[in-house]
Amino acid sequence: MKAIRGAITLLLGSALLTACGSDDGGGTDGAGKTLDVLIGANTIYPEQQRKWFDDVSAKFKEQTGATVRFETFATPNDELTRIQTSVLSGQGPDVYALGTTFTPTAYSTKAFVELTAEDWTKLGGRDKFLPSTLGISGPDEQHEVGVPFTSRPFVMAYNKELLAKAGYDKPADSWDGLRDQAKKLTAGDVHGLAVAYADSFDPWKFIWAMSLQAGNPLVSDGKARLDDPTTAAAYRTYLGWLATDKVADPAAVGWKNAQAIAAFGQGKAAFLPMVSATSKVTLDKSSVAGKYAYAIMPTIPPGATSLPSGGEGATSILSGDNLVVASYSKNKDLALSFVKMLTDVDSQRTYYQTFGELPTNATFAKELQADPALAAMVESSPKAVGTPFTGAWSQIQLALVNVVVQSVPGLSSGTVDDAKLNGLIKEAQSTAQGALDKAK
């Protein structure tokens, strides 16, 4: 994340000096023009992505006469190199595809077009999109840079056969209830929960969700609130699944997300929380194919039987990709036409069928409600909540994960050391507040 932020900072400084983007005029009449687009490489479906590039370019050329030239990045470091090269050469991309949690950092650079009411009209209107997917397009509705492209609401997979044998027809709607179900479903080498404790991305999402559900947004009015008692309770719940409740495989201390999915796919766990629709590709080829389903994750925080006053029933972070237009582009109208095409129903349907990415287009999303396999994702999407819109979020996220990283070595002892945990949370609070102060 730091590398990406550095790249965007470089872009901002250089864009003021260099006229980047394609050197042809604006407008949607694209005859003889080229639109440059930077997007992440799809390492799972590389051949399909190459074909998608060709098909999209052909379709856009038919509509506008313009050619689309795609560039890809595989890692943040690769993205940094590509952006630096583009800025220095004066031929930067007109359109970028950015992860939603990166949008706040991008916005803070002022290097991307802030969308006007007229711009939204050209895109088909804001009501074209699922309302929840617009939650992290900018700090507020009047200051937005990101156009929702894909949506990845997180859900929980569960083994229908294991739950039925234990007398459950569905997962609990509270974290305490899920823990109790997981205890009953843990026997022998089968555990109640498959959790990726060593993953770099998953742990903070649990803490964020439980805290928000308890009425404690981790950032409010420029102040970090990681040291609130509700956040400590969230950590104790999450770490306790392995240490004290014994509902997670001891080996999970070293698991990444892929290993947690694999364990669930082998029938070794009843629940697999915090996964997206991308897990379906793996699970449909596993031993639990036809035996599992998805459900929204619990929305009632630890220690409660109902959502408390002030709590927010967030099922997931607002996750996916946004499309942004570079402020230096000389092809703003053409770029907006391209973004409109990618977010229209036909293009969204093709992208979903090719890559399994859920749509942001409200009309197509409604069509998918009829697919029982995706029902939980469709239900979770409008209940997803955006992470705090601040350029400091990446550092706050790392601080949240660090608490888990530092706690993992002690989990095998069967305890959660409250004193150590409180010290780690205090350190994370200091880091988070420092990052917020610098971002002001």
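Student: In β9, which residue is the bridge partner of Met 156?

Tutor: That would be Pro 273. Keep in mind that we're looking at a predicted model. The bridge belongs to the pairing of strand β5 (residues 155-159) with β9, which is antiparallel and has 4 bridges.

Student: What makes β5 and β9 count as paired strands?

Tutor: Two strands pair if DSSP finds at least two bridges between them. β5 and β9 have 4 bridges, so they pass that test.

Student: How do you know that β6 pairs with β9 too?

Tutor: Same approach: the cut-off is at least two bridges, and strand β6 (residues 191-193) shares 2 bridges with β9, this time in the parallel sense. One of the partnerships there puts His 191 opposite Ala 269 of β9.

Student: Why is β9 called largely enclosed?

Tutor: Strand β9 covers residues 269-275, and 7 of its 7 residues are buried, so the rest of the structure largely encloses the strand.

Student: What about Pro 359, why does that one count as buried?

Tutor: Buried means under 20% relative accessible area. Pro 359 has 5% relative accessibility, so it counts as buried. You'll find Pro 359 in strand β12 (residues 358-359).

Student: Which residues does Pro 359 touch, leaving out those up to four places away in sequence?

Tutor: Leu 130, Ser 151, Gln 348, Phe 364, Ala 365 and Leu 368. Take Ser 151: along the chain it is 208 residues from Pro 359, yet the two C-alpha atoms are separated by 5.7 Å.

Student: What makes β12 an edge strand?

Tutor: β12 pairs on one side only, and so does β2 (67-73), the other edge strand. They belong to an open sheet of 6 strands with mixed pairing, in the order β2-β1-β3-β11-β4-β12. Inside that order, strand β4 (residues 147-151) and strand β11 (residues 320-325) run antiparallel and are joined by 4 bridges. Pro 148, for example, has Asn 322 of β11 as its bridge partner.

Student: Which helix packs on the sheet?

Tutor: Helix α2 (residues 46-64), which touches β1 (34-40), β2 and β4. The direction of α2 makes about 155° with that of β2.

Student: Now helices. Why is α8 called roughly perpendicular to α16?

Tutor: Helix α8 (residues 203-213) and helix α16 (residues 393-407) pack at about 100°, with axes 8 Å apart. Angles of 65 to 115 degrees count as roughly perpendicular, so α8 gets that label against α16. On the α8 side the contact uses Pro 203, Trp 204, Ile 207 and Trp 208, while α16 brings Trp 393, Gln 397, Leu 400, Val 401 and Val 404. Sorted by class, that's 8 nonpolar, 1 polar and no charged residues.

Student: And why are α12 and α13 called oblique to each other?

Tutor: Helix α12 (residues 332-343) and helix α13 (residues 345-355) pack at an angle of about 60°, and their axes are 5 Å apart. The roughly parallel class is for angles under 35 degrees and the roughly perpendicular one begins at 65, so α12 and α13 come out as oblique. Met 341, Leu 342 and Thr 343 of α12 meet Val 345, Ser 347 and Gln 348 of α13. By class, this contact has 3 nonpolar, 3 polar and no charged residues.

Student: How do you know that α12 is mostly covered?

Tutor: Count the buried ones: 9 of the 12 residues in α12. Among them are Leu 334, Phe 338 and Met 341.

Note on methods
Residues are numbered from 1 along each chain as its sequence is written. This is a predicted model: local features need pLDDT of at least 70, side-chain atom pairs count only at pLDDT 80 or more; totals for chains, interfaces and linings use all residues. Side-chain values use heavy atoms; hydrogens and water are left out. Axes are lines fitted to C-alpha atoms, for helices over the stretch in contact, and angles run from 0 to 180 degrees between N-to-C directions. Angles under 35 degrees count as roughly parallel, over 145 as roughly antiparallel, 65 to 115 as roughly perpendicular and the rest as oblique. Contact means heavy atoms within 4.5 Å. Ala, Val, Leu, Ile, Met, Phe, Trp, Tyr, Cys and Pro count as nonpolar, Asp, Glu, Lys and Arg as charged, and the others, Gly among them, as polar. Buried means under 20% relative accessible area, exposed over 50%, partly exposed in between (1.4 Å probe, protein chains only).
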